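Reader: I should like to go through the terms applied to this model and see what each rests on. May we take them in turn?

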Amino acid sequence: MSQPLSVALGKKIKLADFDPAYNAGLKKSAGQSQADEFIDSLDGYAERLYAEHRRAILIVLQGMDTSGKDGTIRHVLRGLNPQSCTVTSFKAPSSAELAHDFLWRVHQAVPPQGNIGIFNRSHYEDVLVVRVRKLAPQDEWKSRYERINNFEKLLCDGGLTILKFFLHISKEEQRKRLQERIDQPEKRWKFRMGDLDDRQLWDEYQAAYEDALNKCNTDHAPWHIIPADHKWYRNLAISHVLSETLAKLDPQCPPPPENIAGLVVK
Ligand code: ADP
């Protein structure tokens, strides 16, 4: 993969430099079978992470509507034991959530030791939709980048590994996917009129994403920019990062109870 998936710290990220249709020159069938190998490797690691019960992983999925957040969960995480996984989808905050600071609801959803947590949207909405749709004053959302970095550092210091994925699609690919949602009866449930309003604000969202990627690309919680016009390449790239990360963490089962060797169960 010659287009980097994560961006070197200190290097200014310009989304225009990243091709959403990048596929490393692979054929779809080859990419799919590589992805299957990575995906198959995840369950063993996740099982040991659960047994070890010391560390946890948080996967943050962000991207424009139709960028494939749901598809990633369905395809890449399909082999994981549901007992050790949590998926949290962040919607517009409730009045109770709005009465707290913006990280309150997020902290409660952070996976406990041994688990893999998936955020379908996340605290980044608080510097994305909130900024673009002017849901909070500028002073407020501008102060949030630093608060997010501090929050993520606190979580990492506590044994959490954070993997943040920006699913990067082109405006034309989004047009096709939205049209499919309108035209194909089985996909219509996914369509919201609000998606068209957000599409009108495409440039504003891209600018907000660029800022979030630049201001919150830290060494403790780096961003991965995932080319997402090809669903199979998106799955390959994400499963690759996940599998590599778990291999590096190398979770270990705890030692068995003493004097177990030779024990016969009657
Ligand atoms: P999705 O598009 O994720 O499949 P929905 O269609 O229910 O699911 O959309 C969730 C909506 O909630 C999105 O429009 C998103 O921008 C919005 N949302 C998430 N977090 C916040 C937030 N903190 N403030 C305002 N809106 C938010």
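Reader: What makes the pair formed by a nitrogen atom of the ligand and the side chain of D126 a close one, in Å?
Author: The ligand nitrogen is 3.1 Å from an N or O atom in the D126 side chain, and a polar contact is a pair of N or O atoms within 3.5 Å. The model is predicted, so local features need pLDDT of at least 70 and side-chain atom pairs count only at pLDDT 80 or more, while totals for chains, interfaces and linings use all residues. Residues are numbered from 1 along each chain as its sequence is written, and side-chain values use heavy atoms, without hydrogens and water.

Reader: Which distances do K91 and R121 show to oxygen atoms of the ligand?
Author: For K91, a polar side-chain atom lies 3.0 Å from a ligand oxygen; for R121, an N or O atom of the side chain is 2.7 Å from a ligand oxygen.

Reader: Why is N120 called buried?
Author: Its relative accessibility is 9%, and buried means under 20% relative accessible area (1.4 Å probe, protein chains only). N120 therefore counts as buried. Its side chain also makes a polar contact of 2.8 Å with that of D70.

Reader: How do you know that the length of α9 agrees with a helix?
Author: Helix α9 has 14 residues (202-215), which at 1.5 Å a residue should span 20 Å; its end C-alpha atoms are 20 Å apart, so the two agree. The expected span is 1.5 Å times one less than the number of residues.

Terms used. Helices (H or I, at least four residues) and strands (E, at least two) are DSSP runs, numbered from the N terminus. A polar contact is a pair of N or O atoms within 3.5 Å; within protein, one must be able to donate a hydrogen and the other to accept it, and residues adjacent in sequence count only if both atoms are side-chain atoms. Buried means under 20% relative accessible area, exposed over 50%, partly exposed in between (1.4 Å probe, protein chains only).
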